[in-house]
Structure formats: structure tokens, C-alpha cells
Amino acid sequence: MIVLSLGWRVSRVGGFSKGKSHVVDMADMPLLRVLGGIGALLAASLAGTFLLDLKPQKKMVLFRIQIFLLFFLVICLVTRFVWVRLMILIPFRRTNSKVLFLVHWLSYGVFVTFVALAFFSIPIGRLFIGVEPYFITKMAFTCLGLLILLFFNLCVLSVVFIVLRFCKIFVPDADFWKSFLAIGTSVILCVHGFIVASNGPYVKRVTIPMLKLPKSLDRITILHLSDLHIGPMVGLSDVSRVVEMVSEIHPDVVVITGDLVDSTVQKLKQSIFPLKKLRAKYGAFFVTGNHEYYTGDVDAWLEQLKELGIQPLHNSYALISSRTNHQDKIYLAGVDDIEASWLGYEGHGMNLSKALRGHRFKYPTILLAHQPNAVQQVLNQYAGFDLILCGHTHGGQFFPMHLPIYLFNPFFAGLYKYKGTHIFVSSGTYFYSVPLRIFSQPEIAILTLVG
């Protein structure tokens with residue numbers, strides 16, 4: 001960046017281009033109209049796909065194509081915005097200086113490669129799925145994260161400089177400093193977020209009071225995993241690390257609240273094999289998340305988990321009986337993800353009445369449901385839950401994604417109490433696609449229930 005800034009300073013003296021970061025608005029209008037029209041058509045086609053009477057697998061193929069196209073459309077707009085504002089830092093190629101000429105083409109090549117990897121990150125993630133993440137996949141999704149950070153920081157700094165101008169505080173070379181600060185801030189955040197994500201989950205301990213808890217089950221520990229997202233970016237070694245951490249903790253119960261996988265059983269069978277060593281005193285339990293349905297292979301996954309010794313709670317329940325007093329029990333129920341019915345999966349969809357069949361009101365009751373958005377629906381139907389465990393939000397995963405995730409979910413991360421029920425939302429065990437954790441941490445939660 002120092003070399004680039006020197007090049008820009010030289011351009012001030014030698015008559016080279018200073019960039020055209022502000023000369024885009026009118027010229028971009030036809031492009032924006034075309035992209036806006038395409039976006040409207042894609043949004044309409046997505047709505048239509050929801051209404052089509054198709055098998056879930058075929059419907060998911062259509063969804064993927066439409067979502068990819070929407071993603072490309074958004075990335076086109078973001079890339080155009082970032083490209084124009086960062087070109088100001090690249091020295092003009094028509095120069096008598098061989099050093100600046102070389103810097104121009106090197107900078108240009110790096111930036112084009114960076115944009116291309118970010119642009120094609122999702123198809124790269126779909127194509128390159130192995131036992132361990134491929135290097136190109138890691139690079140592509142890291143570039144996507146950096147692109148999002150650049151876009152956000154450029155937007156924020158644009159507002160800051162407008163305010164400064166409004167206050168009659170004039171900054172010399174404002175366009176240069178805006179772009180320079182955006183790159184510096186984004187790179188620092190990206191490196192920090194990558195390190196935090198790469199370090200893996202930390203153990204978070206939470207104590208939750210439960211009035212109906214029998215004495216023989218007092219201080220029972222529930223290890224809560226969620227959102228591992230095994231697939232393009234989370235592989236065999238990551239799964240093994242989690243299983244080893246669980247083995248050292250010796251929990252009484254292990255629960256997995258969805259988004260365990262991001263591809264089919266055939267592609268991930270070897271990567272998830274370490275889960276066979278997942279052990280707990282009273283067993284391990286699983287409920288589906290939206291990503292299990294996005295794989296188009298959810299039924300095969302439920303069978304595969306059974307083979308690994310993990311019990312799926314597919315709108316069903318399990319009774320956890322005290323080893324010292326068999327009359328003392330906890331009712332553990334689990335429901336399918338709320339998106340299952342929207343996607344038209346036959347035999348799937350959140351069904352609380354089915355999950356509570358055989359329920360005994362005298363037992364403390366715990367519910368596993370992937371999305372916090374399901375909690376309000378659940379408590380409107382039944383107010384007798386002592387604890388609800390969720391995931392889905394990733395605690396925002398990386399800033400600025402916190403903002404929409406916080407707004408669209410009634411419970412964001414951590415422990416809440418709502419309508420007399422404790423709700424715990426996991427920040428996720430790993431991450432989805434972009435390997436960044438900024439202002440959030442991956443976690444393995446140890447929940448200790450006390451009477």
C-alpha cells in the first residue's frame with residue numbers, strides 16, 4: 001500500500017491518472033437498470049419455485065441455480081462499487097517510470113485475481129469438496145469475506161467524508177485517503193477474523209437454573225454443538241478436533257442443533273466418520289437445520305447419523321433417565337427445521353404436537369430447534385418448555401453480517417429468558433463458507449442444569 005500511495009503521489013506531480021472514483025454515477029445508470037431488471041426477474045422466479053409442485057431434489061436444483069444467479073448479480077454490483085473506488089490507488093500505466101509501470105500491472109493482476117476468486121467462490125465451493133478443504137476454496141471464500149469488508153468500509157468512510165464536508169472540514173486528497181483507509185481496515189479485520197476462525201471453537205460454560213430438575217439429575221451437563229457446516233471449508237481434521245474436545249469434557253448429553261453438513265452423504269462420508277467416536281453418558285442427539293435440506297439428501301443423512309450412533313430427533317423425543325433413580329427423567333424433544341415444509345420435503349417440517357407425543361408434564365422439558373425464529377412459534381403453541389436450544393445465527397459470524405442477522409432473528413446469541421422459558425442460542429461450532437470470525441467466536445457450549 002505504501003508503494004501504491006507513492007505511485008499516486010507521483011501521479012499528482014507527473015500528470016498521471018489520479019483515478020475516477022467519483023465519475024461513475026451517470027455512466028453506471030444503464031448498467032444498474034439492466035441489473036435491477038434481472039434481479040427483479042430472479043426474485044420473481046424464486047417466489048415461483050416455492051409454489052411449484054416438484055420433488056424436493058429437483059426444487060433444490062432450481063433454488064441453487066437461482067441463488068447462484070442472484071449471488072452473481074449482487075457480487076457484480078459490489079465489485080463494480082469497490083473496483084472504481086480502489087483504482088485510484090493504482091498508478092497509471094502510461095508512465096516513463098518502469099517501476100510504476102510494473103507496480104501498475106502487478107497491482108492490477110492481484111486485484112483482478114482477488115475479484116475473480118470472490119466472484120466464483122460459491123461454484124468453487126460446490127465443485128471442490130474433499131476430505132479436507134482445498135486451498136483454492138479457502139482462498140476464494142477468504143477473498144469473498146475481504147470483498148464484503150471492503151464494500152462495507154468504503155460505504156462507511158464515504159458517509160464519514162460526506163459529513164466532514166458538510167461540516168466544512170476539508171480533507172486533502174479525500175478519495176485517496178478513503179480508499180487507503182478502507183483497504184487498511186479491511187485487511188486488518190480480515191487477518192484477525194481468519195486467525196480467530198482458524199483457531200477453532202473455545203469452550204463456553206453456562207449455568208442454567210431449572211426448577212423441575214430432579215435431585216438425581218442436578219448439575220447434569222449438556223454439550224451443545226451447532227452449525228459445524230462440514231463440507232467445502234470444514235473437513236476431517238476439524239471434525240476430529242471437535243470430537244477430541246468433547247472426549248476431554250465427558251458430558252452427560254451431546255446435542256447437535258442442525259447445519260451439521262453442507263453436501264451429500266456420498267461426498268462427506270469420510271469427513272464425518274470421527275463423529276462415530278462422539279460419546280456421552282446419556283447419548284448424542286441431532287435435529288435438522290436448513291442446510292441439511294439444502295443438500296437434497298436429508299433422509300440419507302438421518303440414516304447415516306444413526307449408523308454413527310447419533311439419534312436424530314425427527315419431530316420426536318427421547319427420555320433421559322437418571323442412572324441412580326429411574327423415575328427421574330428429562331424429556332428431550334426435537335423438531336425439524338422450519339424451512340423443511342417451505343421446501344416441500346414430504347414427511348418433514350416442524351411438527352411440535354408430534355414431538356410432544358407421550359409428554360409428561362411433571363418432567364423438565366428441553367426442546368431442540370435449529371432456528372431462533374421457530375421459538376416464538378413454539379411458545380405460542382406450548383408454554384411448558386424449561387429450555388430451548390438453537391443455533392443458526394453464528395453470533396453474526398463476522399461484522400458487518402451481525403446487522404442483518406440481529407434484525408432478522410428474535411434471539412441472536414447466548415442465554416435469554418422469554419415467557420418463562422430459558423433459550424440458549426449457540427454462536428456455532430465453526431463457520432459457514434467465509435472463514436472469518438469478527439466480533440464473534442466459534443464455541444462449544446457446556447450447559448450445566450441446576451435445580
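This passage walks through some local features of a predicted model, from its annotated spans to its strands, rings and unusual backbone spots.

Start with the record. An unreviewed UniProt entry lists five stretches under "transmembrane region": residues 31-54, 61-83, 103-129, 141-164 and 176-197. Two of these spans can be checked against the model's own geometry. Residues 141-164 come out as 100% helix and 0% strand, with the end C-alpha atoms 35 Å apart. For residues 103-129, the helix share is 89% and the strand share is again 0%. The C-alpha atoms at the ends of residues 103-129 are separated by 36 Å.

Aromatic rings turn up in this part of the chain too. W83, W105, Y108, F111 and F114 join up into one aromatic cluster. A charged residue also meets a ring here: R85 sits over the face of F81, and the distance to the ring centre is 3.9 Å.

Now for the strands further along. β9 covers residues 387-390, and it has partners to look at. One of them is β8 (residues 365-368), which runs parallel to β9 and is joined to it by three bridges. Across this pairing, L368 in β8 faces L389 in β9. The path linking the strands matters as well: β8, helix α14 (residues 373-381) and β9 together build a right-handed β-α-β unit. Another partner of β9 is β11 (residues 421-425), also parallel, this time with four bridges. Here C390 has V425 of β11 as its bridge partner.

What about the side chains of β9? In a regular strand, side chains take turns between the two faces of the sheet. β9 shows just that kind of split, with L387 and L389 pointing one way and I388 and C390 the other way. Whichever way they point, all four of these residues are buried.

Helix α14 also holds Q381. With a relative accessibility of 53%, Q381 falls over the 50% cut-off and therefore counts as exposed. Q381 and S353 are 28 residues apart along the chain, yet 8.8 Å separates their C-alpha atoms.

Back to rings for a moment. The whole structure contains 21 aromatic pairs. One of them is Y382 with F385, an edge-to-face pair whose centres are 4.9 Å apart and whose planes make an angle of 85°. Y382 and F385 are both buried. Another pair brings together Y406 and F412: the ring centres are 5.6 Å apart and the planes meet at 70°, so this pair is edge-to-face as well, given that the angle is over 60 degrees. The two partners differ in how open they are to the outside. Y406 has 52% relative accessibility and counts as exposed, whereas F412 is buried at 15%.

Loops have their own stories. S322 lies in the loop between β6 (316-321) and β7 (329-334). Is S322 buried or exposed? Its relative accessibility is 1%, so S322 counts as buried. The side chain of S322 has polar company all the same. It makes a polar contact of 3.0 Å with the side chain of S216, and a polar atom of the S322 side chain lies 3.2 Å from the backbone nitrogen of N325.

Finally, a few backbone oddities. As a rule, most peptide bonds are trans, and most residues apart from glycine have a negative phi. The bond between F399 and P400 goes against the first habit: it is cis, with omega at about 20°. P400 itself belongs to the loop between β9 and α15 (402-408).

Two residues go against the second habit. H250 is not a glycine, but its phi is positive, at about 55°. S433 is likewise something other than glycine, and its phi is near 60°. Both sit in loops: H250 between α8 (236-249) and β3 (253-257), and S433 between β11 and β12 (443-450). Their surroundings are another matter. H250 counts as exposed because its relative accessibility is 63%, over the 50% cut-off. S433, at 15%, is under the 20% limit and so counts as buried.

How values were computed. Residues numbered from 1 in each chain as written. Predicted model: local features only at pLDDT ≥ 70, side-chain atom pairs only at ≥ 80, totals over all residues. Heavy atoms only, no water. Phe/Tyr/Trp six-rings, centres within 6.5 Å; stacked < 30°, edge-to-face > 60°. Buried < 20%, exposed > 50% of the residue type's maximum accessible area, 1.4 Å probe, protein only. Lys NZ or Arg CZ within 6 Å of the ring centre and 35° of its normal. UniProt positions renumbered as here; feature names shortened; annotations may be inferred. Helix = DSSP H or I, 4+ residues; strand = E, 2+ residues; numbered from the N terminus. Pairing = 2+ DSSP bridges. Right-handed = clockwise from strand over helix to strand, strands pointing away. Polar contact = N/O pair within 3.5 Å; in protein donor to acceptor, adjacent residues only side chain to side chain.
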